[in-house]
Amino acid sequence: MKKLLLFTFFITAMGFGQNSSYWQQHVDYTMEVDMNVENFKYTGTQKLIYTNNSPDDLTRVYYHLYFNAFQPGSEMDMRLQNIADPDRRMTNEDKSSRIADLTESEIGYLHPTSLKQDGVAVTYNEEGTVLIVNLAKPIPSGGKTTFEMEFKGQVPVQIRRSGRNNKDGVALSMSQWYPKLAEYDFEGWHADPYIAREFHGVWGDFDVKLTIAKDYIVGGTGYLQNPQEIGHGYETDGTKVKRPRGKTLTWHFKAPMVHDFMWAADPEYVHDTLQMENGPTLHFLYKNDPKFAETWKAVQPLTEKAMNFFSKNIGEYPYDQYSVIQGGDGGMEYAMATLITGGDKPGSVIGTMIHELAHSWFQHVLATNEAKHEWMDEGFTSFISALCSNEIRAQNKDNPFENSYKGYYYLVNSGKEQPQATHADRYDSNSPYGISAYSKGAIFLSQLGYVVGQEKLMETVRKYYSDFKFKHPVPNDIKRTAEKVSGLELDWYLTDWTKTTNTIDYSIKEVSADGNASKITMERIGLMPMPIDILVLYKDGTQETFYAPLRMMRGEKDNPYPNLKRTVLEDWPWTNPSYGFTVNRPLEDIKGIMIDPSLLMADVNLENNTWKPKAMPKD
Ligand SMILES: [Zn+2]
């Protein structure tokens, strides 16, 4: 409890940062849920206090009813049946939809059975995965209202992310399981139907009481309030657990300042804990099966290392708990926890854990709207987890983002690229979405490091976290943060990279003798402009660099190679297709010239980035 109070104080004291026009809605959920583990049906009550911090009076609200997606004929099913490259987890061998096969007792559903606003019944209707509620009375700007709902649900056979009896035999993976109020922000309502992926929620506090068969072990979002009644590894070491009589246990969780609440349960979970020094308690819940044991022991010390890495490089993890739980159908991030499938190879589970844990920062604290800005959570997560893996798994790669660049170049060459600003559900197919969000999204940051310098990049990441934690940052926020840190103008970077499919292609067009000096001519072939680093190698083994700033950046980055002499050249206005400069050494001295030796600039044709003297015919 003490922690909760401190936390609330912290948020209030922080205010909403430097942008005084920023506002966000707030929710306080109190839920009591009964789960029947025989038929996977559940009932619940939900009291939701909704604070309208918007400047608008609201006459309508929306809820997500995500489990309704797992029904034949749903929007998710139709999309699955009509997309060129359906997710293999969701299809049979012949690529047909697994959702279409679900029987009455296997489908998922979530339906309100009554709903009141401040004690008055309201009318509502369901449209697939979205509940539309016409309010009894408007919620004025700055006002609060209380919704009281009764609901019933059925957990679907595992299709994607959540469900019952997944491949590893985990009984219950409960994500997106409760009636979840949609977010309303400066753009209006975000009541996206559940079609493929990506979530967005309202920040708030959760109080959840879950009643389930006594032998089930539960893990997930939130701090357990009654560990001495529950036991199952949550009790204080060496103390006696006093369980109430009966066939069930009621687990009481509280989660402060989260925008989602996930839980998972299985009667065969092993529950290990690791108390970090000056850090959160880590929980590991996994099936008691020898084939998972090695992996799930190996993942534990790495989780601690990854937690330390992210806290140091992004900002301190703000909760007292994080749980790595076997469940779901791959890896998926949730508030204070992740669901990961078991796997018999430690390497892949550790890699997934690092990625999902990184989402605790880039999604569960910096809560971007994933549907609209999928590259900000998946891409930034991929960026920081590549750095983390490189360090804590001692991979020592020269370019830890190499695979992201390869993926991006593949996408460009495929001709199927769509702008990153595309809604996550409306890419033509899954593959361009994935590469755009994860790989091109990671490059947004790694390449930003090329543009503003590596130190400024990491300073940008830390300031972005500290300015926008517990909010909903948008693309402009990361750009403005980088601008403030670097002093450079970066609107062109955000626009070209995220809203267009413009590509970068610079070449060394010509190198010629100019008396005792040499003249180098470069060409901009791609439409997206960049500042250019050039490395010149001499036959005597020395090297120096040149820097052609992009005029519209209105400034220069620090020398990225402080051990080498750097010459800052004239600005390159992007409209000039070619650009020349002089090196004060004769042509015969030059061994080679290279544009961007860091390879962090995503130049789609690397072949024309280098120049070497032609071999002279021997006489
Ligand atoms: Zn991810």
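How many bridges join strand β1 to β14, and in which sense do the two strands run? The first legend below answers this; the model shown in every view is a predicted one.

**View 1. Strand β14 between its pairing partners β1 and β17**. Strand β1 (residues 26-36) is joined to β14 by eight bridges, and the two run parallel. Within this pairing, Glu32 stands opposite Lys209 of β14. With strand β17 (residues 248-258), β14 forms nine bridges in the antiparallel sense. Here Leu210 has Trp251 of β17 as its bridge partner. Strand β14 covers residues 204-213, and eight of these 10 residues are buried, so the strand is largely enclosed by the rest of the structure.

**View 2. The zinc ion and its protein donors**. The ion is bound by NE2 of His355, NE2 of His359 and two OE atoms of Glu378, at 1.9 to 2.8 Å. In sequence these donor residues follow the spacing H-x3-H-x18-E. His355 belongs to helix α5 (residues 346-358) and Glu378 to helix α6 (residues 374-392), so this pair ties together parts that are 23 residues apart in sequence. Both His355 and Glu378 are buried. The arrangement of the four donor atoms is irregular, because the angles they subtend at the zinc ion run from 51 to 154°. For four tetrahedral donors the ideal angle is 109.5 degrees.

**View 3. Helix α10 and its surroundings**. Helix α10 comprises residues 475-486; at 1.5 Å a residue its 12 residues should span 16 Å, and the 17 Å between its end C-alpha atoms agrees with this. Nine of the 12 residues are buried, so the helix is largely enclosed by the rest of the structure. Among the buried residues are Pro475, Ile478, Ala482 and Val485, and also the residues Asp477, Lys479 and Glu483. The buried residues of α10 pack against α6, α8 (430-452), α9 (454-468) and α11 (491-499). Helix α6, one of these packing partners, also carries the zinc donor Glu378. Just after α10, Gly487 has a positive phi of about 75°.

**View 4. Glu483 in helix α10**. Glu483 has a relative accessible area of 8% and is therefore buried. Leaving aside neighbours within four places in sequence, Glu483 is in contact with Leu488, Glu489, Leu490 and Asp491.

**View 5. The open five-stranded sheet containing β26, β27, β28, β30 and β31**. The strand order is β28-β27-β26-β30-β31, and the pairing is mixed. At the edges stand β28 (566-568) and β31 (610-611); each has a single partner strand, so one side of each is left without a neighbour in the sheet. Edge strand β28 pairs with β27 (residues 543-548) in the parallel sense, over three bridges. In this pairing Phe546 stands opposite Thr567 of β28.

**View 6. Ser54 in the loop between β2 and β3**. The loop holding Ser54 lies between β2 (41-51) and β3 (58-64). Ser54 has a relative accessibility of 1% and so counts as buried. A polar atom of the Ser54 side chain lies 3.0 Å from the backbone nitrogen of Asp56. Leaving aside neighbours within four places in sequence, Ser54 is in contact with Trp23, Gln25, Ser141, Gly142 and Tyr184.

Definitions and conventions: Residues are numbered from 1 along each chain as its sequence is written. This is a predicted model: local features need pLDDT of at least 70, side-chain atom pairs count only at pLDDT 80 or more; totals for chains, interfaces and linings use all residues. Side-chain values use heavy atoms; hydrogens and water are left out. Donors are N, O and S atoms within 2.8 Å of the metal (3.2 Å for Na, K and Ca); water is not among the atoms, so sites may look incomplete. Four donors count as tetrahedral if all angles lie between 85 and 135 degrees; four count as square planar and six as octahedral if opposite donors are over 155 degrees apart and all others between 65 and 115; anything else is irregular. Helices (H or I, at least four residues) and strands (E, at least two) are DSSP runs, numbered from the N terminus. Buried means under 20% relative accessible area, exposed over 50%, partly exposed in between (1.4 Å probe, protein chains only). The expected span of a helix is 1.5 Å times one less than its number of residues. Contact means heavy atoms within 4.5 Å. Two strands pair if DSSP finds at least two bridges between them. A polar contact is a pair of N or O atoms within 3.5 Å; within protein, one must be able to donate a hydrogen and the other to accept it, and residues adjacent in sequence count only if both atoms are side-chain atoms.
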